[in-house]
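Q: Please take a close look at one part of this predicted model, the enclosed space inside the protein. I would like a connected account of what surrounds it.

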Amino acid sequence: QHTTHMFSTLRRFPARTLRASFRVAPVTGAKRSFSTEEIDMLSKLLEEAKQRKETAETSVASDYDGPSFNIQTFNAISPIGLQKFPEGKYKISADADGELGGEPHAILLRSHKLQVEEVKPSVRAIARCGAGTNNIPVEKMSEMGIPVFNTPGANANAVKELVICSLLLASRGISEGIQHVKTNIIPEENSEYAAIAKRIEKDKKMFVGQELTGKTLGVIGLGHIGSRVVGAALSLGMKVVGYDPALSLEAAWRLPGDQMTRAKNIEELYKASDYISLHVPYIKDKTHHLINAEALSMCKPGVSICNFARGEIVDGAALRAAYESGKMTGKYVSDFADADLMGHPQHLVLPHLGASTAEAEENSAAMAAEQIIDFLETGSIRNSVNFPDARLEPKEADSYRLCIVNENHPGVLGSITTFLGEEGINIDQQINLSRGNVAYTVIDLEKLPSDPEGLQNKLGKIEGILSSRFIGFPFHTEVGRPGTFFHVSWYQES
């Protein structure tokens, strides 16, 4: 093990670096230099070990030649994310009827507006490479027994950086100054360098702003993105007031509680803030026009609002009225268009850049892929927007798991266990979790039923059962083979 650790450490260094710096101090205190031949031999051994490791990994990946899990994509997904799917065990294609060579088992998408008819009965799960799921008919997927996953936090750093940029845009007249140089100074001075340089110095007084240090930022929503914005604002010397009535314990641990103020209510935040940054989901009857005329009446006249969450959270008509009356002098920076604020000089609107970085797309795709793999191979559910969380251990040889999706109604679980008892099925362990109208029941069995498919057909006749799926040792046992033993009640009945 020590030798392996030494090799893994040394392989990071080229041979010339080793020659220059590799010295050993024996017990006597004298330094002994390794010869060039010794260093070359060590480098050669490291290279051969690396080649053997790569060959072994390739061999393992190519050993499996059975059916694959088929993943249908609807957008260009980052190759970094797609590489998470083991080659040979998974096939990925945008062409469900062609390259996949079979029905899709899961869907991976970004911004594509998914239609119900595009979701075939073979689909077990859908993953969105991003946080929002407005482009997926989530409620209908719940009725069909299909979990919808998202990737919260994968784009958090990208959005945080854009929020910091927006605070500066709102404070320093940066975009206005750039536009002034392009449309006024350069043409008025006939593109003459000396005159332009003089005007640039002279006109700076037109764009006097204010510094962020010492100002108060109100952060509404303290999840993955909001918590990062809090940290960044504190590092800029700002004071921070946060508000999140649904703050989870996990999110709370991410916050520097001793350096910020938790507002008791949102009105307290409105009154204290010089800047407000929005990080809440759009929920029609809860966050629609959260920033409205009433909220603006409680804000400081110079407050600036940064919205990289959802456009509908801000009432554009109320904001325009406040700007035009002179009551509000700050800026509204967002990456969403607003019909009521189009062309208004106090609305700085950007393209929808929140998660538009290579790193964010890679993180989102990788996270979505891992969640799909985990669900297909173990039944685990992480970061679903419509199903309960279920953290399950992988199954091994000679072990079997039955995953059932059912309507969350009284008596359904009792009907399931009664049925299995009547069929002579002995339950090793069982969990039953619910969220809204959906319940997820996972049963580990002592042995595989003699007729798994027949059992599923009978199980599907129980009122309230949406789907069932057997999971075994993935890619090794009969019930671990991709595409097998998946029963969809609503499809069988249609």
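Which element gives the most to the lining of the second largest cavity?

A: In this predicted model, strand β15 gives the most to that lining, with three residues. β15 runs over residues 400–407, and β18 is the other element that gives two or more residues to the lining of the second largest cavity. The full set of lining residues is R124, G145, P147, F375, C403, I404, V405, Y440, S467, R469 and F486. By class, they divide into seven nonpolar, two polar and two charged. The space they line has a volume of about 70 Å³.

One of these lining residues, C403, can be described further. C403 has a relative accessible area of 3%, and because the cut-off for buried is under 20%, C403 counts as buried. Another cysteine, C129, is also buried, at 7% relative accessibility. The whole structure contains zero disulfides.

Just before β15 in the chain comes the loop between α14 and β15, where S399 is placed. S399 is buried as well, with a relative accessible area of 14%. Leaving aside neighbours within four places in sequence, S399 is in contact with I471, G472 and F473. Of these contacts, I471 belongs to β18, which spans residues 465–471.

The strand β18 leads on to the largest cavity, where β18 gives the most to the lining, with three residues. Helix α14 (358–378) is the other element that supplies at least two residues there. The largest cavity has a volume of about 110 Å³. Its lining is made up of 15 residues, and those closest to its centre are F69, L376, R469, F470 and V479. By class, this lining has seven nonpolar, four polar and four charged residues. R469 is named among the residues closest to the centre of the largest cavity and is also in the lining of the second largest one. In total, the structure holds three cavities of 30 Å³ or more.

For the setting of these cavities, the chain as a whole should be considered. The protein chain has 17 helices and 19 strands. Of its 494 residues, 45% count as buried. Among contacts between residues at least 6 apart in sequence, 61% join residues at least 24 apart.

Two other places show how burial is arranged elsewhere in the chain. The first is helix α13, residues 316–325, in which G316, A318, L319, A322 and Y323 are buried. These residues lie on the same side of α13, because they cover an arc of only 165 degrees around the axis. The cover over the buried residues of α13 includes α12 (293–298), β12 (304–307) and β13 (332–334).

The second is T216, in strand β8, which covers residues 216–220. T216 counts as buried, at 11% relative accessibility. Leaving aside neighbours within four places in sequence, T216 is in contact with M238, K239, V241, A272, S273, D274 and Y275. The C-alpha atoms of T216 and A233 are 9.1 Å apart in space, with the two residues 17 apart in sequence.

Notes: Residues numbered from 1 in each chain as written. Predicted model: local features only at pLDDT ≥ 70, side-chain atom pairs only at ≥ 80, totals over all residues. Heavy atoms only, no water. Disulfide = S-S within 2.5 Å. Buried < 20%, exposed > 50% of the residue type's maximum accessible area, 1.4 Å probe, protein only. 1 Å grid on protein atoms, 1.4 Å probe; cavity = no way out; pocket = protein on both sides within 12 Å on 5 of 7 lines; lining within 4 Å. Points joined across faces, edges and corners; volume = space filled by probe spheres on them. Helix = DSSP H or I, 4+ residues; strand = E, 2+ residues; numbered from the N terminus. Nonpolar A, V, L, I, M, F, W, Y, C, P; charged D, E, K, R; others polar. Contact = heavy atoms within 4.5 Å. Arc of directions from axis to C-beta.
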